[in-house]
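Trainee: Could we go through some side-chain contacts together? I'd like to reason from the contact to its setting.

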Amino acid sequence: MRGVQHQVSLLASPDVQIVNSAGLTARCFQARWRPCVRRCKRDAKRIARLHQSYATAQAAVPAGIHHQTSTQDPGLICLRHRALGVLSQPSKTTCRGSASVSVRCSASAVDRFGRSSDASSDTLQRGVPAVLSNLHALYQFSRPHTMLGTFISICSVSLLAMGPGDFGSQAAIGLLQALIPALLMNICIVGMNQIFDVDIDKVNKPYLPLASGDWSLNTGISVAVGTGLVAVLLGLYIGSPPLLATLVGSLLLGIAYSVDLPFLRWKKYPVLAMGCILCVRAIMVQLGFYFHMQQVLHGSRVMLTWPLVFAMCFMLVFSIVIALFKDIPDVKGDSQADVQTLSVKLGVKRVFWACIMLLELAYAGAIGLGALSQVWWSKLVTVGVHLALGVFLLKQAQQVDLQDTKSITSCYMLVWKLFYSEYLLIPFFR
């Protein structure tokens, strides 16, 4: 019987027990006296089946549940030492004379054969939040701002390699061949950094899944190793030498940057740390994915163009800024872990304004190069937008509170947004 009131016959006695519980939705269970012997026997068998079906439900009842004995009201109905189902929130039970009482229970979870559907429903209720929680942890573990940067940079460089007649299905396939393994490798590299930085992240980034305890260390290792392995296998399967070289080179530099082994852990040394980021962001990404797209479209014939050279130089400056800026919000944790970054050695203020000036110089160079273009729309876009971005960055930098970690982090994320914006502007250089 599902969703109806049950008629049950039980003898009322002074020591009948009432179970107060909490948490689950329930329906009304109404017990009344029934003189019919046959009905009493049938209901007694049904209650026996309910006992059996809810034997496992006891473990789901919170530890705070307690039994109370009522000697004042012989009309209060319950089962001795067991709840009929799992009772809901402590409710007001009133005796209607001595023959009727309403007790809230989860009868709606039991069918007429005494079978419980609580196990499957509880599994579903627990399963959906667990999946959502793991997806959110994976989102944080992947460091979404780096994923977005990888996505935009590959798309931009691939567009730079295409000519007017190259847009089509072949170009789309080549772009997907680059994007999928590159994004997987991105997860692997940032995952390695979190695996070896758990203690530091507990101070600097406690919201990350390993630092917060949402994921175990073994889970993080499994995700990092799995994504890295799949990325390399995809590179081998696709058979593009520039793509495979970019994936393997990025992986090796990621290992050198993060892994705490002799002669590795280059992030502890400012020059080596900066070199890792420069090689990946400014050189490997530009050359590797540009040559991959050219090979997909034109076979083995590859060539350098001046927009590509400019993109490499501009992103070289941006990569230096990101390498320096990313350590500014982490000064506290890095100093405790004895990681001697430039921000720890020179101070936050000096490194911050050095980063801003480098970006302003890069924008000045982009404005000068755009002004030399012979294509009017290219000159308009490159000069006008870079001038606006340079002024905007300077105004935002003047408002940053260098004593406030949140303010510094916000400015760091602004640098990443400017980084994304530049990749959108690179194809306009002609």
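Trainee: Which residue forms a salt bridge with Lys205?

Mentor: Happy to start there! This is a predicted model, where local features need pLDDT of at least 70, side-chain atom pairs count only at pLDDT 80 or more, and totals for chains, interfaces and linings use all residues. Residues are numbered from 1 along each chain as its sequence is written, and side-chain values use heavy atoms, leaving out hydrogens and water. A salt bridge needs a side-chain nitrogen of Lys or Arg within 4 Å of a carboxyl oxygen of Asp or Glu. For Lys205 the closest N and O atoms are 3.0 Å apart, and the partner is Asp330.

Trainee: How many residues apart in sequence are the parts that this pair ties together?

Mentor: Lys205 lies in the loop between α5 and α6 (209-212), and Asp330 in the loop between α10 (306-325) and α11 (331-336). Helices here are DSSP runs of H or I with at least four residues, numbered from the N terminus. The pair therefore ties together parts separated by 125 residues.

Trainee: Is Lys205 buried or exposed?

Mentor: Buried means under 20% relative accessible area, exposed over 50%, and partly exposed in between (1.4 Å probe, protein chains only). Lys205 has 16% relative accessibility, so Lys205 counts as buried.

Trainee: Which residues are joined into one network by salt bridges that share partners?

Mentor: One salt bridge to look at is between the side chains of Asp197 and Lys267, at 2.3 Å from N to O. Both of these residues are buried. Through shared partners, the network joins Asp197, Lys267 and Arg265.

Definitions and conventions
Helices (H or I, at least four residues) and strands (E, at least two) are DSSP runs, numbered from the N terminus.
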